[in-house]
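Me: I've got a model open and want to talk it through. Mind going over a few points with me?

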Amino acid sequence: MRKISLLVAGAAVAALSLAGPAQAQRRDLVIGMALEPPHLDPTAGAAAAIDEITYQNVFEGLTRIDGEGQIVPGLAERWDVSEDGRTYTFHLRKGVKFHDGTGFDSADVKFAFDRARGADSVNAQKGYFTPIESIETPDPATVVIRLSKVDGQFLSNMGSGDAVIVAPESAGGNRQAPVGTGPFRFSRWTPGDRIELVRNPEFRDASTPKLDKVTFRFIADPAAQMNALRGGDIDAFPLFGAYESVPLFQADSQFAVDEGSTEGETILSFNHRRKPLDDLRVRRAISHALDRREIIEGAQFGYGVPIGSFFPPHREGYVDLTGVYPHDVAKAKALLAEAGHASGLRLTLKLPPPPYARRGGEIVAAQLAKVGIQVEIIPMEWAQWLEQVFRGNDFDLTIVSHVEPLDIGIFDRDPYYLGYRNPQFAAVMAELNGTVDPAGRKALYERAQRILTEDAAAGFLFQLPKIGIRKAGVAGLWKNAPVPANDVTAAFWTR
Amino acid sequence: MIAFLARRLVATLATLLAASVVVFLVLEVLPGDPALLMLGTEARPDTLAALRGQMGLDQPAPLRYAAWLGDMASGQFGVSYTYGRPVGELVAERLAVTVPLALMALVLSVAVALPLGILAAARHGGAGDWGVMVFSQLGISVPGFWTGMLLVLLFSGQLGWLPSGGFPGWGNPGAAFAALVLPAVSLAFYEAAIFARVTRSAVLDTLREDYVRTARAKGLGWRAVLWRHVLRNALAPVVTILGLQFSFLWAAGTLVIENVFYLPGMGRLLYQAITQRDLIVVRDVVMMLVGVVLLVNLAVDLLYAAIDPRPRAGTGG
């Protein structure tokens with residue numbers, strides 16, 4: 001009997017707390033992230049987690065990349081480009097203040113960019129700033145940037161986390177206590193657990209942001225991510241890791257699932273420096289051996305759009321080339337025999353830690369075994385992968401997702417871990433870099449994709465998805481991830 | 001006793017020094033450049049060189065080793081590459097989670113296991129004994145992270161009584177304690193299983209001793225024999241295991257559980273520092289772990305000597 005009365009009492013308490021005193025809308029949000037950032041200065045590190053906290057929330061750049069990947073005004077409310085495409089005049093917003101109360105003007109822009117391109121710069125994207133020839137500040141609200149050559153990606157690069165504007169007064173401390181101009185101020189960092197941002201009451205637009213506080217909590221383990229969501233400790237997990245449990249959330253009306261895309265082309269990279277991967281027939285044989293559908297099902301629980309070249313399917317200029325090398329074991333074997341490997345091949349496959357690589361690698365190895373290629377799988381940590389594969393070029397095959405936006409140009413880089421050389425492709429890239437006109441760029445992107453596919457420059461697998469889980473009442477978060485970010489400027493509770 | 005203590009102290013210091021060499025060398029040969037990891041795939045050679053300079057990685061290895069030893073001897077620890085804060089500070093924050101967690105798990109497991117072990121020995125061969133052995137078999141075979149996940153499903157998912165993880169800080173003692181309950185229980189389950197077994201067999205062994213028979217023969221009651229003669233003698237092996245298990249708990253056991261419950265403890269700090277090649281943190285934390293394990297062992301030896309006078313006198317220790 002006592003048990004029953006306890007139950008009744010419990011139910012009553014639950015009912016009371018549900019009915020609540022006139023349910024006010026929540027003005028705080030708890031966001032889950034798998035990885036904790038190493039520090040919080042996006043201009044001094046490559047970790048996506050830095051941008052996932054600070055981009056647009058704490059720091060702003062001259063331009064801004066919105067949730068759809070479009071370039072929109074940021075700290076510059078407009079800009080003019082000269083006839084020759086080499087001079088950009090940015091007209092800055094007036095009355096903007098950094099979180100420490102110091103004013104923002106053209107001198108800050110010059111400081112930030114000089115710091116990024118200086119001799120002791122530790123900017124992970126220093127290359128974004130190398131085309132800059134001069135920076136002039138005719139008045140506090142105008143910045144004139146002269147480039148040494150036309151750079152078709154300049155405006156988009158200036159909207160990246162690596163190009164946000166920092167102030168000379170605070171830049172040195174941004175790693176631990178970032179000071180920007182954004183709608184949220186850094187409040188507190190409990191290492192290993194959470195980072196808290198609070199509303200910037202002096203933000204130029206009084207209606208933004210809609211939240212008073214945002215907390216980022218770090219939960220690496222996929223099972224723990226799921227528990228944290230179901231237990232109500234987290235309101236949203238924008239880059240959810242436990243794909244296998246997505247159906248559970250889809251079936252639960254308390255949650256909403258967003259299936260979007262990242263800029264990550266996931267590929268089976270070939271080391272073009274090494275035999276037999278320098279042989280087009282072998283690369284085509286491998287491409288025929290791959291069954292993308294099986295890889296996406298097995299490694300990704302079905303999440304991810306197949307790609308046939310190195311371009312995101314959601315971007316303008318995409319060409320669907322997934323049909324060029326259909327999954328065909330007989331054809332793959334024939335090509336291998338033609339290349340003189342009828343008796344089979346042995347290759348190594350070095351895999352970095354992400355599940356897409358580890359799980360994907362197992363399936364790729366099994367598929368290659370069917371056409372007579374014996375693959376030795378070598379799992380490694382990121383630090384090891386960067387040193388051995390990326391810098392040391394000591395690998396045959398690897399699986400990795402290239403997450404930079406519009407990065408097809410990596411196939412033209414030298415030196416680069418892929419070791420791919422193709423004068424025809426290089427010519428297209430050179431033309432692309434000098435082209436600003438959108439229609440011209442689109443046509444060049446299409447040609448570039450076709451060349452890479454024709455050449456089987458890599459085993460093109462799938463576009464890395466962005467699976468976000470949120471409580472049904474949370475709105476205003478990004479569905480896609482055109483740049484690494486959890487922009488909560490527009491986030492709010494609908495109920 | 002003094003000579004015994006001195007001997008053990010010297011041995012402890014020598015072990016620490018040897019450990020520092022090993023730790024340093026292992027991290028030297030460990031592949032992975034911290035600067036490259038921090039700047040990623042788009043980094044240019046000049047940026048990498050600049051960062052390596054800022055991190056002090058361009059200094060020769062012996063110099064870096066000497067500087068590290070000097071720092072530690074003076075009681076200072078370096079500054080973390082990633083958090084940019086003194087390692088001592090970081091560790092202190094993490095200890096505030098891991099030590100209470102390990103202690104809670106230990107107290108809980110001893111509180112459960114001692115009575116169970118004694119009960120099983122006293123009811124040797126009976127239903128009670130069988131029950132305890134089943135419990136212990138389960139506890140040893142079920143991995144802690146799985147127990148943890150089940151507990152979360154039940155107590156935070158279904159019932160909503162306790163948080164699924166995270167740590168709110170000791171500023172709110174009630175919530176902090178609540179956050180540690182499930183992780184402590186998951187750890188304690190395994191620990192209790194081991195202690196119960198060890199206690200049971202130690203008590204059984206002691207029960208077979210001649211003096212127990214003598215005590216019984218002179219007319220002492222069962223209970224009195226158990227409490228006055230058996231338990232005190234059976235405690236020595238239990239204390240040894242206790243010491244070993246505490247080292248295990250704090251160095252290894254919490255690592256997995258801290259991940260399951262995303263607690264910001266020592267295990268997570270170390271794990272993250274290794275994957276991010278935050279070499280200063282890795283070095284310092286490993287040395288602290290070694291130090292604590294050595295201290296616990298020393299304490300166990302001393303406790304041992306207190307319980308059983310033989311090691312003090314002879315060649316033991």
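Here are some questions and answers on chain B, which comes from a predicted model.

Me: How many helices and strands are there in chain B?
Reply: Reading along the sequence, chain B goes α-α-α-α-α-α-α-α-α-α-α-α-α. The pattern is helix after helix. So the count, with helices taken as DSSP runs of at least four residues, comes out at 13 helices and zero strands.

Me: What share of the residues of chain B count as buried?
Reply: The C-alpha trace of chain B spans about 85 × 60 × 35 Å along its principal axes. Buried here means under 20% relative accessible area. Out of 317 residues in chain B, the buried share is 44%.

Me: Which helix gives the most to the nonpolar patch?
Reply: That surface patch covers about 450 Å² and is made by Phe145(B), Trp146(B), Leu150(B), Leu153(B) and Val256(B). Four of its residues come from one helix, spanning residues 144-158 of chain B. That's helix 7.

Me: Is Leu153(B) buried, exposed or partly exposed?
Reply: Leu153(B) sits in helix 7 of chain B and helps make the nonpolar patch. Its relative accessibility is 42%, and the in-between class runs from 20% to 50%. So Leu153(B) counts as partly exposed.

Me: How are helix 5 and helix 12 of chain B oriented to each other?
Reply: Helix 5 (residues 87-122) and helix 12 (residues 279-307) of chain B pack with their axes 10 Å apart, at an angle of about 55°. Helix 5 passes helix 12 in a right-handed crossing. Angles from 35 to 65 degrees fall outside the parallel and perpendicular classes, so the two helices of chain B are oblique.

Definitions and conventions
Residues numbered from 1 in each chain as written. Chains lettered and ligands numbered in written order. Predicted model: local features only at pLDDT ≥ 70, side-chain atom pairs only at ≥ 80, totals over all residues. Heavy atoms only, no water. Patch = residues over 30% accessible without salt bridge, like charges linked within 9 Å, V, L, I, M, F, W, Y side chains within 5 Å. Areas by Shrake-Rupley, 256 points an atom, 1.4 Å probe, with all protein chains shown as cover. Salt bridge = Lys/Arg side-chain N within 4 Å of Asp/Glu carboxyl O. Buried < 20%, exposed > 50% of the residue type's maximum accessible area, 1.4 Å probe, protein only. Axes fitted to C-alpha atoms, helices over the stretch in contact; angles between N-to-C directions. Parallel < 35°, antiparallel > 145°, perpendicular 65-115°, else oblique. Left-handed = near helix turned anticlockwise from the far one by under 90°.
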